[in-house]
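User: I am new to reading protein models. Please walk me through this one in questions and answers.

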Amino acid sequence: MTRMRFRRRTRFLSLNDYAPAARRLLPRALYAYLTSSAGEGRSLEENNAAFRRWSLMPRVLRGVAGRDTGVSLFGHRYAVPIGVAPFGAAAVIGFDADRAMARAARRANVPYLLSANSITPMEAVIAENPEAWFAAYFPSDRSVIEAMLARIGAAGFKVLVITVDVPVANPREGERRAHYTMPIRVTPRLALDMATHPRWLLGRFARTLAARGVPRISNITATPGPSIFSRRHGTVGGAEAFDWDTIREIRRGWSGRLVLKGVLSPEDATLAQECGVDGLVVSNHGARMIDSVVAPIQAIAAIRAACPDMMLLLDSGVRRSADIYKAMALGADAVLIGRPFFFSAILGGEAGLGEALSLIRAEFDRDMAYLGLRSCDEIGRHILVDRFAPGGQDPSNAVR
Ligand SMILES: Cc1cc2nc3c(=O)[nH]c(=O)nc-3n(C[C@H](O)[C@H](O)[C@H](O)COP(=O)(O)O)c2cc1C
C-alpha cells in the first residue's frame, strides 16, 4: 500500500487516533491481545496518569530557528529520540509487519526493535534495516542462549536487548475473555470472530498465508520454531531460572551493545551496570505483566541517579510529545512507543507507521520551539513544574 493511498483513505491527527481504527479492522481476539493489560488495569491507568504530575515550562524569544531534534544512541545519530518498541506476533496480525516496521523506522531514521517473538526470520528483517536492534526473549537453557547469540551476531545485529520482565507468562483476562490464545486455537467462536472481520481476514491474514505460508515463531531459538497453531509453541515466559549470572555469561559471550528491557528498580539498574550492561529500557511492558506496578515515568529519575552514564530508554504510556519531554527531563535519553505504532503498522504497513512517526516527530519539533530549546541536549529538569511540590517548581533545577 503506498503512502498516497493510505493518506487518502484515513485521517489520523495524533497517535491516539489509531486505536479506534484498529478496533474496527481487527477480530475481537486480536484487538484484545493488543490492548489488554494485567489484572484490574491499574498499571495501565497509572502509565497514563503518572505523566500528569508534571507540567512543562515554556521559554520565549530564545531563537529556535534551526533547532535539531536528533539524538545519538550507541554512536548512531537518530532523527528524533523516539523508537519503535518490539511487537510480538506482529506479522500474524499485520501483513508483513516485521519488514514493514523495519523499513518505516529506517526511512524515518529512528530506532526499531525486532521482537524475538516474531514470524519473519531476523536475517530478513535486518536486510531491510541494518540498524535494527534485536529484542530477545531468552529461555533459561544456556545452550539455546549460546546458539542464539551466534545467530544474532551472524545476522549483523549490533544491539542486543534482552526482555527480562517476563519470567513467567501472563494470560491476561481481557485476552482470555476474547478467546485469544497463543498458540492460536481455532475454536468455532474464533472462526466466527475472524469471519466477521473480512477486511482483516482477507486483506491481512489470507495475504500472509498466500505470500509467506503458515506463520512460524522464527526467532526465539536458533532454528525455526513451530507454527503459531502448534501446541509445541510457548517458550515466551519460560525463563524462571534466568538470573544475573545468566546476564554475566551473556555479557562475556556478546561483544555488541547489551540492553535490558523491563527494569524499574534502581537496585536492578545498578546490578545491570555492574554486569557490564550498556543500557536499559525502563519499562513495565505497557502494563501487561504485573498490576499496580510503578509507572516508568515515576521510576526513571531514581534510575538515572543510580546510573548517570547508562543509555536509558523509557516506554509504557508515551503518547504525546509532552510525555517525551517529561521522560527526558527526568533522565531518559529517548523513548519507545508501543501500541499506537503497532496499530498504525497493522492498518497501513510501512506507510502507516511512517505517518505515525511523522505525526509524533512534528509534535516533538513544535514543542521544542515552544519550550525554547534548540536541541535535545538542552532538555533538563528546568522545563518541568511539579504540580504536587509546594510552589509548583521542581526542586531540582539541574540541566543535564
Ligand atoms: C501486542 C504487544 C506485543 C508486545 N510484544 C513484545 C515483545 O515481543 N517483546 C517485548 O520486549 N515487548 C513487547 N511488548 C511491549 C512493548 O515492546 C512495549 O514495552 C510497550 O508496548 C510499551 O507500552 P505502550 O504500548 O503503552 O507504548 C508488546 C506489547 C504489546 C502491546
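Analyst: We start with Ser292. With 13 C-beta neighbours inside 10 Å, Ser292 counts as partly exposed. A residue is buried if 20 or more other C-beta atoms, placed from the backbone, lie within 10 Å of its own, exposed if 12 or fewer, and partly exposed in between. This is a predicted model: local features need pLDDT of at least 70, side-chain atom pairs count only at pLDDT 80 or more, and totals for chains, interfaces and linings use all residues. Residues are numbered from 1 along each chain as its sequence is written.

User: In which loop does Ser292 lie?

Analyst: Ser292 has a positive phi of about 60°, although it is not a glycine. Helices (H or I, at least four residues) and strands (E, at least two) are DSSP runs, numbered from the N terminus. Ser292 sits in the loop between β9 (279-282) and α14 (296-306).

User: Why does Phe74 count as partly exposed?

Analyst: Phe74 is not a glycine, yet its phi is positive, about 50°. It lies in the loop between β2 (71-73) and β3 (76-78). Phe74 counts as partly exposed because its C-beta neighbours inside 10 Å number 17.

User: In what order do the 8 strands of the open sheet run?

Analyst: Two strands pair if DSSP finds at least two bridges between them. The pairing in this sheet is parallel. The edge strands, β4 (82-84) and β5 (113-115), each pair on one side only. The order is β4-β11-β10-β9-β8-β7-β6-β5.

User: Which residue in β11 stands opposite Leu314?

Analyst: Strands β10 (residues 311-314) and β11 (residues 334-337) run parallel, joined by 2 bridges. In β11, the residue opposite Leu314 is Val335.

User: Which element gives the largest share of the largest nonpolar core?

Analyst: A nonpolar core is a set of buried Ala, Val, Leu, Ile, Met, Phe, Trp, Tyr and Cys residues joined through C-beta atoms within 7 Å. The largest one has 115 residues. Among the members that touch the most others are Val282 and Val335. The largest share, 12 residues, comes from α16.

User: How many residues surround the ligand?

Analyst: The closest are Ala85, Gly88, Ser115, Gly286 and Gly338. A residue belongs here if its C-beta atom, placed from the backbone, lies within 6 Å of the ligand. α3 (28-35) and α16 (339-370) are the elements that give two or more residues to this shell. The number of residues around the ligand is 24.

User: Which two residues does the cis peptide bond join?

Analyst: Omega is about 5° at this bond. Pro183 lies in the loop between α9 (173-177) and α10 (188-195). The bond joins Met182 and Pro183.
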